[in-house]
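Visitor: I would like to take a close look at a single part of this protein, and I would be glad of a careful, connected explanation.

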Amino acid sequence: MLSWIVIAAAVFLAVPASARAQSVEAHASAGPTLVDRGHSVAVGGGWSPWPRLTVIVDVERTVLASRVTRDGRGGESAFRGGAVVLGAAGARRALFPPGRVTPYLVAGVAAGRSRPTVNSRFPDAVSNEARALFAGAGVEVPLGPRLGVFADARMQVGGDGGDVLALAPLRAGLRWRF
């Protein structure tokens with residue numbers, strides 16, 4: 001999976017945006033997570049072979065807080081939380097071309113590492129390989145011919161050291177087209 005991210009990054013860097021409908025972009029975003037308390041930040045780039053399709057490559061870091069849930073009958077469950085750093089490659093499909101407000105869909109794959117929280121309940125430091133598929137939707141609002149703001153929500157589901165990895169970041173950010 002990591003090889004696909006490297007291939008996508010190589011294509012992004014090697015292919016010039018000289019054709020008429022092509023463009024290259026850089027973007028950065030941040031926001032809270034929807035299910036578990038935490039936050040997510042991401043930076044990346046994209047290459048648009050056609051006006052409504054963009055191949056994206058991102059590096060994202062999501063941090064989730066630990067929590068303990070008690071059921072009132074003496075039972076409890078604990079969630080370790082921690083940080084997940086993923087390299088992601090995917091595609092974003094917009095309804096309208098750049099230059100106007102447009103909704104979009106996004107989907108792809110991600111791979112990286114997770115480092116669960118170490119505390120008195122979970123004293124062992126571990127680092128796990130993490131892999132996920134993601135899908136989501138958002139909206140982009142242009143602020144000029146090159147600059148735009150966007151917001152999207154994604155659901156990332158995969159594996160993390162033998163456990164299920166599920167993240168739901170809601171991010172807003174800036175996108176600059178070259």
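Which residues make up the largest nonpolar core?

Guide: Please keep in mind that this is a predicted model. The largest nonpolar core has twelve residues in all, and if you go along the sequence you meet Ile56 and Leu64, then Val84, Leu86 and Ala88, then Val106 and Ala110, then Ala130, Ala132 and Phe134, and finally Leu165 and Leu167. The elements that give two or more residues to this core are strand S3 (53-64), S6, S7, strand S8 (128-142) and S10.

It helps to set this core within the whole protein, which has one helix and eleven strands and, read along the sequence, follows the pattern α-β-β-β-β-β-β-β-β-β-β-β. Of the 178 residues in the protein, 38% are buried. Among contacts between residues at least 6 apart in sequence, 57% join residues at least 24 apart. As for the outside, the accessible surface of the protein comes to about 9600 Å², and 65% of that surface belongs to carbon and sulfur atoms.

Some of the strands that supply the core turn up again when we look at the largest pocket, which holds about 370 Å³ of space. Strand S6 (82-94), strand S7 (102-116) and strand S10 (163-167) each supply at least two residues of the lining of this pocket, and S10 gives the most, with five residues. The lining has 20 residues, of which Phe79, Gly81, Asp160, Val164 and Leu165 lie nearest the centre of the pocket. Leu165 is thus a residue to find in your view, since this leucine is named both in the core and among those nearest the pocket centre. Sorted by class, the lining of the largest pocket has ten nonpolar, five polar and five charged residues, whereas the core we began with is a nonpolar one.

One last place to visit is the loop between S6 and S7, where Pro97 is found. Pro97 counts as partly exposed because its relative accessibility is 28%, and partly exposed residues fall between the limits of 20% for buried and 50% for exposed. Leaving aside its neighbours within four places in sequence, Pro97 is in contact with Pro51 and Arg52. Pro97 and Pro51 are 46 residues apart in sequence, yet their C-alpha atoms are 5.2 Å apart in space.

Technical notes:
Residues are numbered from 1 along each chain as its sequence is written. This is a predicted model: local features need pLDDT of at least 70, side-chain atom pairs count only at pLDDT 80 or more; totals for chains, interfaces and linings use all residues. Side-chain values use heavy atoms; hydrogens and water are left out. On a 1 Å grid over the protein atoms alone, a cavity is a set of points where a 1.4 Å probe fits but cannot get out, and a pocket is an open set with protein on both sides within 12 Å along at least five of seven lines; lining residues have an atom within 4 Å of a point. Grid points are joined across faces, edges and corners, and a volume is the space filled by probe spheres set on the points. Helices (H or I, at least four residues) and strands (E, at least two) are DSSP runs, numbered from the N terminus. Ala, Val, Leu, Ile, Met, Phe, Trp, Tyr, Cys and Pro count as nonpolar, Asp, Glu, Lys and Arg as charged, and the others, Gly among them, as polar. A nonpolar core is a set of buried Ala, Val, Leu, Ile, Met, Phe, Trp, Tyr and Cys residues joined through side-chain atoms within 4.5 Å. Buried means under 20% relative accessible area, exposed over 50%, partly exposed in between (1.4 Å probe, protein chains only). Contact means heavy atoms within 4.5 Å. Accessible areas come from the Shrake-Rupley method with a 1.4 Å probe; for residues, only the protein chains shown count as cover.
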